[in-house]
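User: I've got this one open on my screen and would like to talk it through. Can we start with how the copies sit together and then look at one chain?
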Number of protein chains: 2
Amino acid sequence: MRLHIRFPDGRLARALIVGLLFSCGAIERAFAQDALPSWNDTASRARIIDFVHATTTEGDQGYVAPEDRIAVFDNDGTLWSEMPIYIQFAFMLDRVKTLAPEHSEWKEKEPFKSILSGDPMGVGKGGEKGVVELAMTTHSGMTTDEFAKIVADWFASARHPTTGRAYSEMTFVPMRELLDYLRANGFKTYIVSGGGVEFMRAISEKAYGIPPEQVIGSTIATEYAIVDDIPVLKRLPKIDFVDDGKGKPVGINKFIGRRPIFVAGNSDGDYEMLRWGTAGKAPGFAMIVHHTDAQREADYDRNSEIGKLDKALDEAERRNWLVVDMKKDWKKVFGFDK
Amino acid sequence: MRLHIRFPDGRLARALIVGLLFSCGAIERAFAQDALPSWNDTASRARIIDFVHATTTEGDQGYVAPEDRIAVFDNDGTLWSEMPIYIQFAFMLDRVKTLAPEHSEWKEKEPFKSILSGDPMGVGKGGEKGVVELAMTTHSGMTTDEFAKIVADWFASARHPTTGRAYSEMTFVPMRELLDYLRANGFKTYIVSGGGVEFMRAISEKAYGIPPEQVIGSTIATEYAIVDDIPVLKRLPKIDFVDDGKGKPVGINKFIGRRPIFVAGNSDGDYEMLRWGTAGKAPGFAMIVHHTDAQREADYDRNSEIGKLDKALDEAERRNWLVVDMKKDWKKVFGFDK
């Protein structure tokens with residue numbers, strides 16, 4: 001549809017057009033100034049803005065067509081806090097407590113015994129087999145629709161163990177701003193996480209404005225079945241795909257079929273994704289969220305058990321990956337910070 | 001950004017606004033009239049338009065929020081012709097001929113022997129093992145980037161065996177119009193095919209306006225590796241996922257994480273997808289492309305070897321699935337039809 005409005009005075013029309021063009025330029029500059037307001041005015045913020053500017057400026061060497069502006073983000077420790085425990089692990093613990101009345105045998109069986117006796121860190125006592133059993137017990141044996149409801153209900157009532165906040169509030173404000181900023185510049189934003197895809201999909205739209213189809217993660221096997229003449233998908237106690245480490249580029253290629261040009265992670269589990277995402281024809285941008293803020297979140301990651309960040313951090317400078325220092329680069333961490 | 005334009009005459013402004021509103025209504029009606037121009041004015045066309053109208057009309061019982069307007073389409077026989085052979089099978093045959101000089105042993109080994117001696121339908125002589133070997137030989141052993149180039153190059157030069165047309169011309173015009181029509185009404189369109197995902201992704205944007213990330217299909221395993229210090233994904237001779245029959249709802253749930261509300265297929269391989277896609281809370285629409293046109297394409301599908309359509313056709317009426325009769329419902333099949 002083309003719209004023609006004829007003005008009685010040609011000069012007025014020209015003045016209006018010139019005025020509009022001028023406003024757009026001013027708005028663009030104002031927008032770049034206002035972008036990422038919870039970031040301090042450091043070199044990190046400037047590098048991100050420069051990259052996005054080059055990517056979106058036709059004629060620039062770094063220009064990338066809109067359809068190729070794919071940005072991928074790890075979730076735990078990159079978009080929301082993974083401290084003191086992974087949020088999905090907190091879900092498992094609560095789920096075990098909910099299901100315990102139907103499983104009297106758990107009182108004597110690891111890893112359930114440790115969880116029920118109030119020692120969640122004791123789950124390791126059951127070994128790797130125990131951990132897999134814990135994951136399968138809490139994530140399978142129901143239909144996909146039933147699981148989606150279980151997770152949504154849990155997110156509605158669960159609270160973070162140290163802050164007492166809803167988990168949707170445990171997202172990093174500067175990263176949510178970065179997602180918004182990239183989308184406003186024509187990027188398609190994805191989560192690429194080692195976490196379970198159907199767990200994250202229950203919250204991704206609300207927490208990050210990312211729809212379910214743009215969440216890539218680990219999957220368990222599902223099976224089509226007819227129950228009472230209704231077709232359902234049953235979640236089976238079997239791992240289908242682990243979207244971590246070397247699995248991340250595999251998952252990105254499988255689900256998206258394009259190489260991203262913007263990659264963000266926070267641990268060595270993101271190393272291969274960072275490498276692969278910066279090795280395409282288009283200039284790729286990689287960034288690492290470095291947890292340095294003991295006061296507002298947590299100071300960990302070097303040689304840590306959760307979110308171990310060694311290899312990626314060691315190679316960051318050589319590979320020109322941006323290391324974001326949470327303490328120095330971020331004005332705010334959480335929305336509830338003063 | 002809000003735009004204020006002040007007109008010297010308030011009446012002129014009101015007249016303009018009324019005029020614009022009137023034009024929009026007229027345009028909408030004209031658009032519905034003009035939708036699907038290569039479809040005859042039959043009950044099939046009316047049912048599709050009625051469904052889309054209900055889906056997009058706020059306040060209507062059938063209204064569906066834009067983010068839930070997911071439409072999935074089988075590819076072979078639904079969006080493009082699968083006659084006389086699957087297009088991906090034609091690719092395999094050509095690929096064997098290209099690779100033959102490096103494989104003198106193929107002269108005596110099935111299924112390669114049959115292909116090289118000009119009897120492609122003899123591939124069955126090697127049994128199922130032979131067919132899998134054929135698929136793996138032609139689809140693995142290279143990086144994902146290399147495979148994408150091989151497929152793109154093939155599509156650029158390959159021609160359909162009976163029409164002599166490029167394969168991108170073997171798409172069904174009425175179905176391309178349907179994709180456009182759904183997208184114009186806020187639907188997100190996906191391919192959900194038994195074919196190889198990385199084969200279809202090379203052509204999906206050009207052929208259907210569907211980007212790679214909206215193509216779901218069968219996958220072979222890939223592996224992250226560093227070659228000459230460059231990270232690549234190697235395609236392995238191993239099937240990862242078969243996106244056919246019961247695999248289709250599994251694939252949709254895995255990749256999209258939402259249940260579609262519009263499902264189109266043409267064979268019993270789409271049966272489970274048709275069932276599952278119409279069993280959600282929102283009113284789902286299912287349609288079957290029934291191949292009845294011997295003159296313009298092919299009259300087959302009932303009890304056929306390729307594109308067998310028995311169970312889904314038998315149950316269509318009972319389940320309120322639209323059966324599109326290509327001969328009666330379509331003015332045109334291909335773009336090159338007179």
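User: Which residue of chain A comes closest to the rotation axis?
Analyst: Keep in mind that this is a predicted model. Laying chain A on chain B takes a turn of 180° with a shift of 0.0 Å along the axis, and the RMSD is 0.0 Å. The two copies are thus related as by a two-fold rotation axis. Going by C-alpha position, at 3.3 Å, the residue of chain A that comes closest to that axis is A:Phe255.

User: What percentage of the contact residues of chain A recur in chain B?
Analyst: Chain A lays on chain B by a turn of 180°. The same surface serves both copies, and the share of chain A's contact residues that recur in chain B is 100%.

User: How many residues does chain A have, and what share of them is buried?
Analyst: Let's set the scene with the chain itself: 13 helices and seven strands, with a C-alpha trace spanning about 85 × 55 × 40 Å along its principal axes. Among contacts with a separation of 6 or more in chain A, 65% join residues 24 or more positions apart. Chain A has 338 residues, and the buried share is 53%.

User: What does helix H5 of chain A reach from its first C-alpha to its last?
Analyst: H5 covers residues 127-139 of chain A, which makes 13 residues. At 1.5 Å a residue, the expected value is 18 Å. The reach in the model is close to that, at 19 Å.

User: Which elements are included in what covers the buried residues of H5(A)?
Analyst: First, the residues that need covering: A:Gly130, A:Leu134, A:Met136, A:Thr138 and A:His139 are the buried ones of H5(A). Their cover includes helices and strands of chain A. By name, these include H3 (87-99), H4 (112-116), H6 (144-157), E3 (215-227) and E4.

User: Which residue with a positive phi follows H5(A)?
Analyst: H5 runs over residues 127-139 of chain A. Look just past the helix for a phi near 95°. That residue is A:Gly141.

User: Is A:Val242 buried, partly exposed or exposed?
Analyst: A:Val242 sits in the loop between strand E4 (230-241) and helix H10 (247-255) of chain A. Buried would need under 20% relative accessible area and exposed over 50%. A:Val242 has 49% relative accessibility, so the call is partly exposed.

User: About what area does the nonpolar surface patch with A:Val242 have?
Analyst: Chain A exposes about 16,000 Å² altogether, with carbon and sulfur atoms supplying 52% of it. A:Val242 makes the patch together with A:Val132 and A:Ile239. The area of this nonpolar patch is about 240 Å².

Key:
Residues are numbered from 1 along each chain as its sequence is written. Chains are lettered from A and ligands numbered from 1 in the order in which they are written. This is a predicted model: local features need pLDDT of at least 70, side-chain atom pairs count only at pLDDT 80 or more; totals for chains, interfaces and linings use all residues. Side-chain values use heavy atoms; hydrogens and water are left out. Patches are made of residues with over 30% relative accessible area and no salt bridge: like charges are joined within 9 Å, nonpolar side chains (Val, Leu, Ile, Met, Phe, Trp, Tyr) within 5 Å. Accessible areas come from the Shrake-Rupley method with a 1.4 Å probe; for residues, only the protein chains shown count as cover. A salt bridge is a side-chain nitrogen of Lys or Arg within 4 Å of a carboxyl oxygen of Asp or Glu. Helices (H or I, at least four residues) and strands (E, at least two) are DSSP runs, numbered from the N terminus. Buried means under 20% relative accessible area, exposed over 50%, partly exposed in between (1.4 Å probe, protein chains only). The expected span of a helix is 1.5 Å times one less than its number of residues. Contact means heavy atoms within 4.5 Å. Copies are superposed by least squares on the C-alpha atoms of residues with pLDDT of at least 70 in both.
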